[in-house]
Amino acid sequence: MKALGPIPAGFAAIEGELAIDGHKASELVARAGETPLFVYSRRMLEAKFARLRAAMPDRLAIHFALKANPFAPVLEVMSNLVDGFDVASAGEMTMAFKAGVSPQKISFAGPGKRDAELMAAIHHGVTLNLESEGEAERALAIAKREGLTPRLAIRVNPDFDLKGSGMKMGGGAKPFGVDAERVPALARRIIEEGAEWHGLHIFAGSQALSADAIIETQGQTIDLAARLAGEIGAPLPHCNLGGGMGIPYFPGDEPVDVEAVGTALAARLADLPELLRDTHFNIELGRYLVGEAGVYLTRIVDRKVSHGEVFLVTDGGLHHQLAASGNFGTVVRRNYPVAIASRFDAPVEEEASIVGCLCTPMDKLADKAGFPRADVGDLVAIFCAGAYGASASPAMFLGHGPAHEMLV
Ligand SMILES: *Cc1c(COP(=O)(O)O)cnc(C)c1O
């Protein structure tokens, strides 16, 4: 039997069923009308943020990377918690506006911004995190033509990456950011052109669980920002330290010790060189803030046996939960935290694989794991579904369409 990932804290059984914030899974499905369904818990979003906020130095702003979960009711909750939103397209920028986020609190990163997207950001006064010299020239030209002052930051491609991170975003040749050694010249050009110089964005990686690795990377990031500010020859208004904090998805994963990260960062921020004395620092997080607050509920529509192995076939699948199937940025497939929601407190009785309804062997939600005996009609819960679920899965694949989403 293969192990399952750890179920996040805060989920209980009511009358034997998984309950999310006191609501039984079957009641939530009845409210939505059908499965599959994503449920996000407001209380869990708030609790996760509160713990992080308490652990981090007061001086540090916390931003939400909207791409992790752009569901409008979730954005509204997040907009009351975080200090800013990071978007990666004009579409996401519009979603942030609709959630009531003011343009001054938004920064826009991402390679391949179109002219229309640069123009929209400049018109609204959204900070552009420039990904290249070419993008900088296009932004400056658009601003000049429109008679506007753009707010410009440079995304730096650092010479290091976040150790142990699931997704490496820095170190070596990358499509993201400007190589560190070319940043000072570009920053001086932006300042000379009369743009509003916002500062640096340094994102070295994501989905790390080791506090030591995150602390080391934050230290390197601040060192790099100090070196670049010195070479630019001007104080740094803002410094986005990136993110990096992950959540436990797989067997053996342990949560990040955010208190240790916060303590180390506070010490670092208390001892800054002159050019960073008044810098506004922030981190930007996606999955850490929202991932564990979401559950994907799907119903078993068939139970079958093939060559002695039990398969529980559901009405959901990788078209909503690509990451749980192991096809979103993982090298070796491992099991997410998965449970039979309608028999949440029942003991393990058999080994089974839970699969989706798509005609592809990739559509596996749990591989040869231990479950209570489940049958047609039972509900399955995939945990850690609050980030990169609905927004990062191919909902159009095979024509099933998107899942329902609900905030409780
Ligand atoms: C995706 C992304 C994030 C968020 O990453 P998580 O792993 O969800 O925390 C933060 N910053 C940038 C620039 C990103 O592209």
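Colleague: What makes the pair between the ligand and Gly286 a polar contact?

Modeller: An oxygen atom of the ligand is 2.9 Å from a polar backbone atom of Gly286. A polar contact is a pair of N or O atoms within 3.5 Å, so this pair counts. This is a predicted model, in which local features need pLDDT of at least 70 and side-chain atom pairs pLDDT 80 or more, while totals for chains, interfaces and linings use all residues. Residues are numbered from 1 along each chain as its sequence is written, and side-chain values use heavy atoms, without hydrogens and water.

Colleague: Which atom of Glu284 lies 2.8 Å from a nitrogen atom of the ligand?

Modeller: A polar side-chain atom of Glu284 does. For Arg287, a backbone N or O atom lies 2.8 Å from an oxygen atom of the ligand.

Colleague: How much of the ligand does the protein bury?

Modeller: The protein buries 90% of the 390 Å² that the ligand exposes when taken alone; the areas come from the Shrake-Rupley method with a 1.4 Å probe.

Colleague: Why is β1 called an edge strand?

Modeller: Strand β1 (12–14) pairs on one side only, as does β3 (23–24), so both are edge strands. The open sheet has the order β1-β2-β3, with antiparallel pairing. Strands here are DSSP runs (E, at least two residues), numbered from the N terminus.

Colleague: How do you know that β2 pairs with β3?

Modeller: Two strands pair if DSSP finds at least two bridges between them; 2 bridges join β2 (residues 17–20) to β3, so they pair. Ala19 stands opposite Lys24 in β3.

How values were computed:
Polar contact = N/O pair within 3.5 Å; in protein donor to acceptor, adjacent residues only side chain to side chain. Helix = DSSP H or I, 4+ residues; strand = E, 2+ residues; numbered from the N terminus.
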